[in-house]
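Here is a short walk through a structure, written for someone who likes to know who sits beside whom. Please keep the viewer open as you read.

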There are 2 protein chains.
Amino acid sequence: MILEGRKFPITFLVYAEKGEPACRIADLCFKESYEKVIEECDIVTFEFEHVDEAPLQLAEDLGKLLPRLNSVVLKRARHLEKEFLKREGFPVPRFVTVEGGDEALRVLRDEFNNVGVVKKSEGGYDGRGQYFIRGDPDRYQFLREERGLFVVEELVNYDFEASIIAVRSGNEFRAYPPTFNYNEKGILVYNYGPYGNPEMIRLAEKLTEKLNYVGVMGIEFFIRRGKVMINEYAPRVHNTGHYTLDGAEISQFEHHLRAITGMELGETRLLSPSGMVNLLGVHYPPMDVLRYGSVYWYGKEVRRRRKVGHVNVVGKDLEDVRAKIENVMKLTYPNGLDL
Amino acid sequence: MILEGRKFPITFLVYAEKGEPACRIADLCFKESYEKVIEECDIVTFEFEHVDEAPLQLAEDLGKLLPRLNSVVLKRARHLEKEFLKREGFPVPRFVTVEGGDEALRVLRDEFNNVGVVKKSEGGYDGRGQYFIRGDPDRYQFLREERGLFVVEELVNYDFEASIIAVRSGNEFRAYPPTFNYNEKGILVYNYGPYGNPEMIRLAEKLTEKLNYVGVMGIEFFIRRGKVMINEYAPRVHNTGHYTLDGAEISQFEHHLRAITGMELGETRLLSPSGMVNLLGVHYPPMDVLRYGSVYWYGKEVRRRRKVGHVNVVGKDLEDVRAKIENVMKLTYPNGLDL
């Protein structure tokens, strides 16, 4: 976001430890005395919602947080988000909120015939804390001991997963075309677009309006026989929107900055079909990958399952994009994914 | 270039004064003890060729300078570049190299019938040190006192000016499509493409080969009735290639870094017709400009004629690009250009 934001006369102060990637390009990095820094800022935003609550709350209290805290609070527990979406009439998979793993397994048996997803309400991200149970509940008896809230959800037999990158400022809404997303073990592996259903854009507009949202939002969907359900939203720039750095005139990062600073929004059309492959727990890929696209290396320590970079590809058509993704996948994961 | 290069695992050490724009995002800025820093670097490159000679020479001596010094040396005086191009058989306007302004005016009268361009061989950039004489030599009598080498050149009655952004690595050559360039008083005001003549690409390939060039090169041409002449080349990323940040998958900046570090090159096709408007000696343009494109503000002090930013536009077709450029021009220069 800072790299894209350097074209604007904006100063970037980042709440991060020295040595984190953002600090190489920020005007200032801080972890101490965030109160003083936030008071100096005009606007406070975030690239990830599961962060220290105190600085977010302070920024909200000062009227500087965009997107506002209401969109973040719903993400602190899965049941809050799901109940909000259901209450507001959005199509979501059938689910029940329960207390404790024991009760979750009982509801799974009695109301879902032992086929469903049991999710811890708090602390989950990138597939963690989620258990896909397909008539084999005995393997999940360890959940009986777990406390806290759980969401038990139907296992949607979807045709594919898709997402939208939407942007909303005070009075404007825009959305990039939907993308097809390929996930494995709860982690996005690659995505490409345009691909999907215009209903997704209508739902994105309604959702951002309901939340009185300002900024970029990523919204994930399940698509089954042309029917669309919301899986979840992310109140920030989103992994499935990284391809906009190359496939669109204005990237999701620039659009987020435009929205939260009250600037005019720009075009969200794709200039050409495009996509992205995540670099998950691997070292810098072989140079041949550069034939097919642009490698974004984040400079993070490599750990298993960790997103340490991505490769953007742009094609003449979707077939070309898919072929490039396949080539990048083969070069990057010669022995297959290890997730 | 650094902003585009942050996607690579490259460390950027910049020869610049603290406070210059590059220093906000570089890993290190230095002006003192450049010897030590250059010795630590693997590769040394430049964004502008008219810079201190000693660090360039040292980098060349260590075999680290790319593009190599041979392409820079020719740019230190106009007659060196022109004589090289002529000697190598490239189409160039007719010219004569002379010593002193007095002799320049005599040659202009005797060999060019008092219609031509008198250029100081050294120290010119962005139209400085160039005099367009159209049968009115009396107004230029002040040149009689000037010493040093001059180039006297025919005044080409061209249909338009155009340029190519080429990139060459050890064994690969690529070129972005040509652009139409609109200059005023020797300064690029806007450009857009694709627009031009495939002959330009053939000449660019031949020129980069002759120079055994590595990196991105900008080459400016005059086009008259489909005939192409080289005006000059720039051994670096070029103002007429800024539009590649938005209109192409891989920008000229990324391609320069790929070429000089020996990485694979990528695509140079335009994803959509696109163009650029320079911000010349103006303050940050009105927000409405953001409707038409992306504003790149360099964070430099504003001075008359100075390039302090640019606006990239992308359109559905050339007509759309031209309309956007016109809108950006009107909003940016409501009282016309002051050059």
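## Around A:L207

Not counting neighbours within four places in sequence, A:L207 is in contact with A:F84, A:L85, A:F90, A:M217, A:I219 and A:Y233, where contact means heavy atoms within 4.5 Å. This is a predicted model, in which local features need pLDDT of at least 70 and side-chain atom pairs count only at pLDDT 80 or more, while totals for chains, interfaces and linings use all residues. Residues are numbered from 1 along each chain as its sequence is written, chains are lettered from A and ligands numbered from 1 in the order in which they are written, and side-chain values use heavy atoms, with hydrogens and water left out.

Which residues have the most contacts inside the largest nonpolar core? They are A:L207, A:F221, B:L207 and B:F221, in a core of 155 residues. A nonpolar core here is a set of buried Ala, Val, Leu, Ile, Met, Phe, Trp, Tyr and Cys residues joined through side-chain atoms within 4.5 Å. In soluble globular proteins, nonpolar side chains tend to be buried together.

## Two helices of chain A

A:L207 is one of the buried residues of helix 7 of chain A, together with A:M200, A:L203, A:A204 and A:T208. Buried means under 20% relative accessible area, exposed over 50%, and partly exposed in between (1.4 Å probe, protein chains only). These buried residues cover an arc of only 130° around the axis, which puts them on the same side of helix 7 of chain A; the arc is that of the directions from the helix axis to the C-beta atoms. An α-helix has 3.6 residues a turn, so residues three or four places apart point the same way.

The face turned away from the buried side of helix 7 of chain A carries the exposed residues A:P198 and A:R202. Over the buried residues of this helix lie, among others, helix 5, strand 7 (160–168), strand 8 (173–175), strand 11 (215–224) and strand 12 (227–234) of chain A. Helices (H or I, at least four residues) and strands (E, at least two) are DSSP runs, numbered from the N terminus.

At the start of helix 7 of chain A, a side-chain oxygen of A:N197 comes to within 2.8 Å of the backbone nitrogen of A:E199. Just after the helix, A:N212 has a positive phi of about 50°.

Helix 3 (residues 53–61) of chain A has A:P55, A:L56, A:L58 and A:A59 as its buried residues. Their arc is only 160° around the axis, which puts them on the same side of helix 3 of chain A. Their cover includes strand 1, helix 2 (34–40) and helix 4 (69–73) of chain A. Just after helix 3 of chain A, A:G63 takes a positive phi of about 70°.

## Salt bridges

A salt bridge is a side-chain nitrogen of Lys or Arg within 4 Å of a carboxyl oxygen of Asp or Glu. How many salt bridges does a search of the whole structure find? The search gives 56 over all chains. Three pairs are listed here.

| Pair | Closest N and O atoms |
|---|---|
| A:R24 and B:D27 | 3.2 Å |
| A:E153 and A:K82 | 2.6 Å |
| B:R174 and B:E172 | 2.6 Å |

A:E153 lies in strand 6 (residues 149–153) of chain A and A:K82 in helix 5 (residues 78–87) of chain A, so this pair ties together parts that are 71 residues apart in sequence. A:E153 is buried, with a relative accessible area of 2%, and A:K82 is buried at 5%. In the pair of A:R24 and B:D27, A:R24 is partly exposed at 34%, and B:D27 is partly exposed at 32%. A:E4, A:K7, A:E254 and A:R258 are linked in a network of salt bridges.

## Two buried residues of chain B

B:S163 lies in strand 7 (residues 160–168) of chain B and counts as buried at 2% relative accessibility. Its side chain makes polar contacts with the side chains of B:N181 (3.0 Å) and B:T240 (2.8 Å). A polar contact is a pair of N or O atoms within 3.5 Å; within protein, one must be able to donate a hydrogen and the other to accept it, and residues adjacent in sequence count only if both atoms are side-chain atoms.

B:A104 is in helix 6 (residues 101–112) of chain B and is buried at 0% relative accessibility. Leaving out residues up to four places away in sequence, B:A104 touches B:V98, B:V118, B:F150 and B:V152.
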